[in-house]
There are 2 protein chains.
Amino acid sequence: MSNQELSESGACCSPLVREPLTEDWAGDLARMFKALGDPVRLRLLSLVASHAGGEACVCDISETFDLSQPTISHHLKVLRSAGLLDCERRGTWVYYWVVPSALQQLSAVLLTEGGPVVPSETCAAEVPA
Amino acid sequence: MSNQELSESGACCSPLVREPLTEDWAGDLARMFKALGDPVRLRLLSLVASHAGGEACVCDISETFDLSQPTISHHLKVLRSAGLLDCERRGTWVYYWVVPSALQQLSAVLLTEGGPVVPSETCAAEVPA
């Protein structure tokens with residue numbers, strides 16, 4: 001199931017603290033979180049998203065990193081494969097921008113409703129002390 | 001820098017679309033996102049968080065997975081090491097609960113402000129068509 005379908009169904013973004021994630025949905029989310037599980041990719045995503053106009057090419061961001069352009073392109077491809085970035089070639093360069101709905105889904109699923117989740121003493125009473 | 005310190009400084013949770021993430025903060029976030037980048041761990045986190053009382057032990061959740069208790073305990077340990085779960089031993093079992101501030105930080109950093117980020121044509125005008 002694509003992110004788009006999940007988004008349209010409206011069933012995707014229930015916070016994970018509210019009800020157990022389904023296996024399918026956990027798989028989709030894990031793919032996106034895994035793409036974010038790297039400091040360089042996180043910074044790349046942030047640089048692209050916060051760049052003037054909300055988009056950037058490798059030419060705009062490569063000087064921020066002590067990495068080769070092919071390495072940066074690889075990380076951008078991982079983010080794109082995960083549905084977090086989209087891109088378009090224009091002349092010499094490929095321009096990237098974030099997919100807002102993807103970030104919104106991840107943000108929504110991590111929401112903790114009604115403030116902090118305070119553990120109760122329920123389970124403590126169920127086991128021998 | 002611990003999550004707690006980041007949370008208290010108030011400098012931690014600026015959405016990544018607003019300004020480029022610092023290297024340190026990207027490292028901290030990536031560790032947490034990496035822990036979420038696995039379907040089993042995501043489901044475990046969700047099961048713990050949505051369990052009655054907001055906490056659970058392996059005894060409560062192991063039947064949901066076709067995995068051994070040591071494997072489940074390993075995944076719980078990864079989530080705990082990332083600061084997403086906390087735990088306490090009570091008698092025979094170790095009880096886990098989510099760390100709401102950690103989820104809130106991740107949720108906040110993924111927020112897209114002011115609705116969808118629509119790419120402008122700024123960069124398109126800078127490169128040859």
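**Entry 1. A buried pair in chain B**

I began with two residues of chain B and found that B:R90 and B:E55 are both buried. I was working with a predicted model throughout. I next looked up how the two side chains meet, and they form a salt bridge with an N to O distance of 3.0 Å. I then asked where in the chain the two partners lie. B:R90 belongs to strand β2 (residues 85-90) of chain B, while B:E55 belongs to strand β1 (residues 55-57) of chain B. The pair links distant parts of the chain, 35 residues apart.

**Entry 2. The salt bridges of chain A**

I turned to chain A and found a salt bridge between the side chains of A:E55 and A:R90, at 3.0 Å from N to O. A:E55 sits in strand β1 (residues 55-57) of chain A and A:R90 in strand β2 (residues 85-90) of chain A, so this pair ties together parts that are 35 residues apart in sequence. I noted that A:E55 and A:R90 are both buried.

I then looked up a further salt bridge, in which the side chain of A:R90 meets that of A:E88 at 2.7 Å, N to O. Are A:R90 and A:E88 buried or exposed? A:R90 has a relative accessible area of 12%, which is under the 20% cut-off, so I recorded A:R90 as buried. For A:E88 the relative accessible area is 38%, so I recorded A:E88 as partly exposed, between the 20% and 50% cut-offs.

I counted the salt bridges over all chains and arrived at six. B:R90 and B:E55 form one of the salt bridges I looked up. In chain A, salt bridges that share partners join A:E55, A:E88 and A:R90 into one network.

**Entry 3. Chain A as a whole**

I listed the secondary structure of chain A and obtained six helices and three strands. Read from the N terminus, the elements run α-α-α-β-α-α-β-β-α. Of the 129 residues in chain A, 49% are buried. I also considered contacts in chain A with a separation of 6 or more, and 59% of them are between residues 24 or more positions apart.

**Entry 4. Helix α2 in both chains**

I looked up helix α2 (residues 23-36) of chain A, which has 14 residues. From its first C-alpha to its last it reaches 20 Å, close to the 20 Å expected at 1.5 Å a residue. In α2(A), 10 of the 14 residues are buried, so the helix is largely enclosed by the rest of the structure. The buried residues include A:W25, A:D28, A:M32 and A:F33.

I then examined helix α2 (residues 23-36) of chain B, which also has 14 residues and reaches 20 Å, close to its expected 20 Å. Here 10 of the 14 residues are buried, so α2(B) is largely enclosed by the rest of the structure. Among them are B:W25, B:L29, B:M32, B:F33 and B:L36.

**Entry 5. Helix α6 and its neighbours**

In chain A, helix α6 (residues 100-109) is mostly covered, with eight of its 10 residues buried. These include A:A102, A:L103, A:L106 and A:V109.

In chain B, I looked up how α2(B) and helix α6 (residues 100-109) are arranged. Their axes come within 11 Å and cross at roughly 110°. The two helices are therefore roughly perpendicular to each other. B:W25, B:L29, B:M32, B:F33 and B:L36 of α2(B) meet B:A102, B:Q105, B:L106 and B:V109 of α6(B).

I followed B:L106, which is found in helix α6 of chain B. B:L106 is buried, with a relative accessible area of 0%. Leaving aside residues up to four places away in sequence, B:L106 touches B:L29, B:M32, B:F33, B:L36 and B:L84, and also A:L110.

**Entry 6. The nonpolar core**

Which residues touch the most other members of the largest nonpolar core? Of its 72 residues, these are A:F33, A:L84, B:F33 and B:L84. I noted as background that in soluble globular proteins nonpolar side chains tend to be buried together. I then looked up A:L84, again without residues up to four places away in sequence, and its contacts include A:M32, A:L36, A:W97, A:L103 and A:L106.

**Entry 7. A last check on B:H74**

I closed with B:H74, which is found in helix α5 (residues 69-81) of chain B. B:H74 is partly exposed, with a relative accessible area of 46%. The C-alpha atoms of B:H74 and B:S62 are separated by 12 Å, and the two residues are 12 residues apart along the chain.

How values were computed
Residues are numbered from 1 along each chain as its sequence is written. Chains are lettered from A and ligands numbered from 1 in the order in which they are written. This is a predicted model: local features need pLDDT of at least 70, side-chain atom pairs count only at pLDDT 80 or more; totals for chains, interfaces and linings use all residues. Side-chain values use heavy atoms; hydrogens and water are left out. Helices (H or I, at least four residues) and strands (E, at least two) are DSSP runs, numbered from the N terminus. The expected span of a helix is 1.5 Å times one less than its number of residues. Buried means under 20% relative accessible area, exposed over 50%, partly exposed in between (1.4 Å probe, protein chains only). A salt bridge is a side-chain nitrogen of Lys or Arg within 4 Å of a carboxyl oxygen of Asp or Glu. A nonpolar core is a set of buried Ala, Val, Leu, Ile, Met, Phe, Trp, Tyr and Cys residues joined through side-chain atoms within 4.5 Å. Contact means heavy atoms within 4.5 Å. Axes are lines fitted to C-alpha atoms, for helices over the stretch in contact, and angles run from 0 to 180 degrees between N-to-C directions. Angles under 35 degrees count as roughly parallel, over 145 as roughly antiparallel, 65 to 115 as roughly perpendicular and the rest as oblique.
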